[in-house]
Amino acid sequence: MSEMNAPTELPKPKTVEIPETARTLPSGEREFMLDVSTSDLEINMGPQHPATHGVMRILIRTDGEVVTGGQVHLGYLHRCAEKIGENVEWLQYLPYTDRYDYLSAMNNNLGYSLAVEAVMGVEIPRRATILRTLCAELNRIGSHLVAFGTYGLDIGAFTPFFYCFREREWMMALFEKICGARLTYSYIRIGGVFNDAPVGWLKEVERFCDVFEEKWQEYYDLLAVNHIFVKRTADIGVISPEMAVDYGLTGPMLRGSGVDFDLRRDVPYMAYDEICKAGVFDIPLGTGEKGTVGDCWDRVYVRLQEMMESIKIIRWCLGVIEDGPVIGDIPKVIKVPPGEAYVGIENPRGELGHYILSDGGKVARRCRVRGPSFCNVAVLEQLLPGTFLADSVAIIGSTDVVIGETDR
Amino acid sequence: MDFNSIHQRLLAINAPGVLSADTPRAADPEDKADKGRAGEAFVLIDRSEALNFLLAVRDDAELAFDMLVDLTGTDPDAEDEDLWLNLHLLSLAHGHRLAVKAMVPKANAVVPSMVAAHMAAHYHERECSEMFGIHFEGNPDLRNILLPDDWIGFPLRKDYEFPKEYHGVSCE
């Protein structure tokens, strides 16, 4: 018999001596406090954990219920996107962009295309620009629906998730009709978009907008102002505006803290200059309506409101779209003149930046991707200490991290 | 502000380490080999002054580059002696951007850490150091972030050799 299996004597329970300071109860029993000793406990969360939205691993150090430290470990989904970008042709890299933020592939296509176009200096046809804007905003709705629905799951609200996926399903069906793919579109190409919208597609988008505006109220009633949800998220994970700027947070994370900045308005690209001048959409900000400015509730509510703003932009696009070509004069094999450019666009999660360096050939010299989630998760190490363990899931979920993008 | 006025302002406030400005230009029609330079303008700075430069442009009211959007490296060529350090700054108040570049010699790739100016630099520096082998002096925690801790070599350098095996698993 090995040593492991040898029967061992169970430790005897310690006998406790009753100290003289013990209180005597009316029943005659003696009552006193035991000296309880606690020690720090390190908890490993992930990489396979539903609340980490992918394969992110977080080491959490706790003292009882209170988190005293958090350390984020990334890299479980690293697929060498930047190295691949230096080895494949310009257009061949486009499908790889789908795969970093797989919830908003249209926006990724757009960011990469705009960066390459900034070096090439090509002109984009009007219809293509409007179609791009429309698809990017439609995808923003889909992405925020996942963010909002799964955040409910994190907190423990199961039903809103299904409501969100109901509308997202329609959005994906719309994209399937226009480009054949449901998740990885590669629809927005260098020079324009690869295919015109099929007959009747724009009409269906309009119908989607009508229905969505009604359904939006359901999300609001069901989750956003739900008393339990508000209790779980208000005043939790507060990010001050200064901290948000210092950590380079962008998108709803930044606006949730009340910083009024949106790349679509402040550094406009494509048709957004025109859209902002027409006063089509507002930029929702965190106001601290239910708690403090910059808490989890604010970030979630900013995302919820942004969906409605996207609907306004889509309606504007449907109003101004006119017939014409959908792709510019682009050769089959793209050669980009020597030069470099950095282009940042407003992805649903924040600023998606592409830094492109070309030496004049068919392949990039450098293809840098600045993912918004990568910068947004950095703030967790600062946010987690001092919170309760149960709130850490609410805080991680409110960053709306997509691991495909942090790890690239 | 457009790039030229940003550059003028940088010179006016005597921002530390500013060397020159590089703007896109058309190809010289006389010279067949010259293809010009497309894209966007950038400012070249001295790498040892990178932190002081960021602090200066952050605190100047007219420039107010309060957000470090991106920090990365570039290896232009295996034959080149220098790596590039690329910084991209954004001003939330004015909505203007600035691309900044610094030359970092491969033989002595050491740059002062920029965490003191922007916390956003921390994760970017960790990524940059594992991918390019640039050491950021003063960064408190320069562990690998995307790669395993025992990874050999700097993958985004042009002379990087792909590993033949990893922990006994053949990669060929």
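**Figure 1. Strand β9 of chain A, wrapped up by its surroundings.** Nine of the nine residues of β9(A) are buried, so the rest of the structure largely encloses this strand. Bear in mind, here and in every view below, that this is a predicted model. On one side, β9(A) is joined to β8(A) by nine bridges, and the two strands run antiparallel. To find your place in that ladder, look for Gly344(A), which stands opposite Gly353(A) in β9(A). β8(A) and β9(A) make a hairpin, with two residues between them.

**Figure 2. The next hairpin along, from β9(A) to β10(A).** Six bridges link β9(A) with β10(A), again in an antiparallel arrangement. A handy pair to pick out is Leu357(A) and its bridge partner in β10(A), Arg366(A). This hairpin has five residues between its strands. In the turn sits Gly360(A), with a positive phi of about 100°.

**Figure 3. Where chain A meets chain B.** The contact draws on 36 residues from chain A and 31 residues from chain B. Several elements of chain A give two or more residues to the side that touches chain B, including α1 (81-85), α3 (105-120), α8 (241-246) and α13 (372-377). The strands β8 (339-347), β9 (350-358) and β10 (364-370) of chain A are also among them. Which element gives the largest share of that side? β8(A) does, with five residues. Sorted by class, the side of chain A that touches chain B has 17 nonpolar, eight polar and eleven charged residues.

**Figure 4. A strand pairing that crosses between the chains.** Here β8(A) reaches a partner in chain B: two bridges join it to strand β2 (residues 38-39) of chain B, and the two run parallel. Look for Gly339(A), which stands opposite Ala38(B) in β2(B). Recall that β8(A) also pairs with β9(A), in the antiparallel sense.

**Figure 5. Helix α5 of chain A, with a buried side and an exposed side.** This helix covers residues 159-179, and at 1.5 Å a residue its 21 residues should span 30 Å. The C-alpha atoms at its ends are 31 Å apart, which agrees. Its buried residues are Pro160(A), Cys164(A), Glu167(A), Leu174(A), Phe175(A), Ile178(A) and Cys179(A). Why do they end up on the same side of α5(A)? They cover an arc of only 115° around the axis, and that puts them on the same side. As background, an α-helix has 3.6 residues a turn, so residues three or four places apart point the same way. Turn to the other side of α5(A) and you meet Thr159(A), Phe162(A) and Ala173(A), which are exposed. The cover over the buried residues of α5(A) includes α4 (126-155) and α6 (201-224) of chain A. Just after the helix comes Gly180(A), whose phi is positive, near 90°.

**Figure 6. The largest nonpolar core.** This core has 161 residues. The members that touch the most others come from both chains: Val116(A) and Ile356(A), along with Ala50(B), Leu68(B), Leu89(B) and Ile134(B). The element that gives the most to the core is α4(A), with 13 residues. For a closer look, centre on Ile134(B). Leaving aside neighbours within four places in sequence, Ile134(B) is in contact with Gly73(B), Leu83(B), Leu85(B), Val104(B), Ala109(B), Val111(B), Cys128(B) and Ser129(B).

**Figure 7. Three strands of chain B side by side.** Strand β1 (residues 18-22) of chain B pairs with strand β3 (residues 42-45) of chain B over four bridges, in the antiparallel sense. Asp22(B) has Phe42(B) as its bridge partner in β3(B). β3(B) is also joined to strand β6 (residues 97-105) of chain B, this time by three bridges and with the strands running parallel. A pair to look for there is Val43(B), standing opposite Val100(B) in β6(B).

**Figure 8. Arg23 of chain A, a residue to set against the core.** Arg23(A) lies in strand β1 (residues 23-24) of chain A. Is Arg23(A) buried or exposed? With 9 C-beta neighbours inside 10 Å, Arg23(A) counts as exposed. Leaving aside neighbours within four places in sequence, Arg23(A) is in contact with Glu31(A) and Phe32(A). Met33(A) is ten residues from Arg23(A) in sequence, and their C-alpha atoms are 9.8 Å apart in space.

Definitions and conventions
Residues numbered from 1 in each chain as written. Chains lettered and ligands numbered in written order. Predicted model: local features only at pLDDT ≥ 70, side-chain atom pairs only at ≥ 80, totals over all residues. Contact = placed C-beta atoms within 7 Å. Nonpolar A, V, L, I, M, F, W, Y, C, P; charged D, E, K, R; others polar. Pairing = 2+ DSSP bridges. Expected span 1.5 Å × (residues − 1). Buried ≥ 20, exposed ≤ 12 C-beta atoms within 10 Å, placed from the backbone. Arc of directions from axis to C-beta. Core = buried A, V, L, I, M, F, W, Y, C linked by C-beta atoms within 7 Å.
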